[in-house]
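Here is a short back-and-forth about how some labels on a model get decided. Have a look at the model, then follow the reasoning.

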Amino acid sequence: MHKIEKVTLPNVKHIIAIASGKGGVGKSTVAANLALTFAQSGYKTALVDADLYSPSIPILFGLENQHLLIEQRGEKHVMIPFEKNKIKLMSVGFLVNPEQALIWRGPMASSALLQLFSETDWGEIDYMVVDLPPGTGDIPLTLCQQVDIDGVIIVTTPQKLSFADVQKAITMFKNPDINKPVLGIVENMSWFTPLEHPDEKYFLFGKGGGQYLAKKFNSELLLQIPLIQDLCDASDRGFLSDFSKRPEILSIYNELIRKISSKFN
Ligand code: ADP
């Protein structure tokens, strides 16, 4: 096998990828909330949307249809990330229309993705959170092989139906040729508690999935996140950052960053 060239980011201390088996489990929401909480805790934070075919970061941060500033520095072009809520944000959605990215073949998509990392002026970053596309395709593979990811967090729902895909994803990260530490599992949409019945929990998507996966892969169930009323609406309207300041959401994600940062000390 030929040697794969790596993208090096010497000013970025830790790179954490957020992955999932299937789409729609809340991977982008978790990535964005995690970045918001890192930034609110005083860490220099970046968020990279590597979900080329359905970039959600521009929507979640109310930056749809915005285009990046590209500066010419000597011989080189350098992309300047958007900065919002103290997070440096990068998404292929800032460069091309999603329809355009859809017709890219694997190698073109991979090279566009790598440019997001290597040709951006990041400055100093403590935590870079990367929102990977779901599954085990070209893009997560390229990224793992060419970018120095410190660890991966797997997002899943408790539902058994999504397990086959999650297990494939975990197996890919653990493959000796990829060898990215799985930092743990986040179970999203674990239960629903109606506002008017705060003592009740309804397990709409089943129960115990995150724990089962953690045990099977000798990993840790980092967190269970309930279904949160109004989250969809806040996300669609680009207000996720305001929403993430609600005490119950802050305390969920503070717990997650406490667990993640303890793994790096
Ligand atoms: P993915 O990145 O896995 O495709 P998203 O983060 O886009 O998933 O989430 C899918 C949908 O579910 C979005 O509409 C999002 O607002 C919603 N969602 C995610 N997590 C939760 C949650 N804990 N409670 C309520 N809605 C959620």
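Q: Where is Asn65 in this predicted model?
A: Asn65 is in the loop that runs between helix H2 (57–60) and strand S3 (69–73).

Q: Why is Asn65 called exposed?
A: The label exposed needs a relative accessible area over 50%. Asn65 comes in at 73%, so it counts as exposed.

Q: What is notable about phi of Asn65?
A: Its phi is positive, near 60°, and the residue is something other than glycine.

Q: Which asparagine other than glycine has a positive phi of about 50°, and where does it lie?
A: That's Asn179, with a positive phi of about 50°. Look for Asn179 in the loop between helix H6 (163–174) and strand S9 (182–188).

Q: How do you know that Asn179 counts as exposed?
A: Check its relative accessibility: Asn179 has 53%. The cut-off for exposed is over 50%, so Asn179 gets that label.

Q: What makes Asn97 partly exposed?
A: Partly exposed is what lies between buried, under 20%, and exposed, over 50%. Asn97 sits at 42% relative accessibility, so partly exposed is the right call. You'll find Asn97 in the loop between strand S6 (87–91) and helix H3 (98–102).

Q: How many residues apart along the chain are Asn97 and Lys76, and what separates their C-alpha atoms?
A: They are 21 residues apart along the chain, and 24 Å separates the two C-alpha atoms.

Q: Why is Arg258 called partly exposed?
A: Anything over 50% would be exposed and anything under 20% buried. With a relative accessible area of 49%, Arg258 therefore ends up partly exposed. Arg258 belongs to helix H10 (residues 247–263). From Arg258 to Ile16 is 242 residues in sequence but 14 Å in space, C-alpha to C-alpha.

Q: What makes Ala35 buried?
A: Buried means under 20%, and Ala35 has 0% relative accessibility, so it counts as buried. Ala35 is part of helix H1. In space, Ala35 and Val130 are 9.3 Å apart, C-alpha to C-alpha, with their positions 95 residues apart in sequence.

Q: Is Leu223 buried or exposed, and how do you know?
A: Leu223 shows 9% relative accessibility, so it counts as buried; the limit is under 20%. Leu223 is in strand S10 (residues 221–225). Its C-alpha atom is separated by 23 Å from that of Asp51, 172 residues apart along the chain.

Q: Why is Thr142 called buried?
A: Its relative accessible area is 10%, so Thr142 is buried, given the limit of under 20%. Thr142 is found in helix H5 (residues 138–146).

Q: What makes the pairing of Thr142 and Ser110 a polar contact?
A: The distance cut-off for such a pair of N or O atoms is within 3.5 Å. The side chains of Thr142 and Ser110 make their contact at 3.1 Å.

Q: How do you know that the ligand has polar partners in the protein?
A: Use the cut-off of within 3.5 Å again. A polar side-chain atom of Thr29 is 2.5 Å from an oxygen atom of the ligand. A polar backbone atom of Gly26 is 3.0 Å from a ligand oxygen. On the nitrogen side, a polar side-chain atom of Asn188 lies 2.9 Å from a nitrogen atom of the ligand. As for cover, the protein takes up 80% of the 560 Å² of accessible area that the ligand has on its own.

Q: Which residues are closest to the ligand, and how many surround it?
A: The ligand has 16 residues around it, the closest being Gly24, Lys27, Ser28, Thr29 and Ile228. By class, that shell has eight nonpolar, seven polar and one charged residues. Helix H1 (27–40) and helix H8 (231–236) each supply at least two residues of the shell.

Q: Which pocket does the ligand take up?
A: The space taken by the ligand is the largest pocket.

Methods
Residues are numbered from 1 along each chain as its sequence is written. This is a predicted model: local features need pLDDT of at least 70, side-chain atom pairs count only at pLDDT 80 or more; totals for chains, interfaces and linings use all residues. Side-chain values use heavy atoms; hydrogens and water are left out. A residue is near a molecule or strand if one of its heavy atoms lies within 4 Å of it. A polar contact is a pair of N or O atoms within 3.5 Å; within protein, one must be able to donate a hydrogen and the other to accept it, and residues adjacent in sequence count only if both atoms are side-chain atoms. Accessible areas come from the Shrake-Rupley method with a 1.4 Å probe; for residues, only the protein chains shown count as cover. On a 1 Å grid over the protein atoms alone, a cavity is a set of points where a 1.4 Å probe fits but cannot get out, and a pocket is an open set with protein on both sides within 12 Å along at least five of seven lines; lining residues have an atom within 4 Å of a point. A molecule sits in a cavity or pocket if more than half of its atoms lie within 2 Å of its grid points. Helices (H or I, at least four residues) and strands (E, at least two) are DSSP runs, numbered from the N terminus. Ala, Val, Leu, Ile, Met, Phe, Trp, Tyr, Cys and Pro count as nonpolar, Asp, Glu, Lys and Arg as charged, and the others, Gly among them, as polar. Buried means under 20% relative accessible area, exposed over 50%, partly exposed in between (1.4 Å probe, protein chains only).
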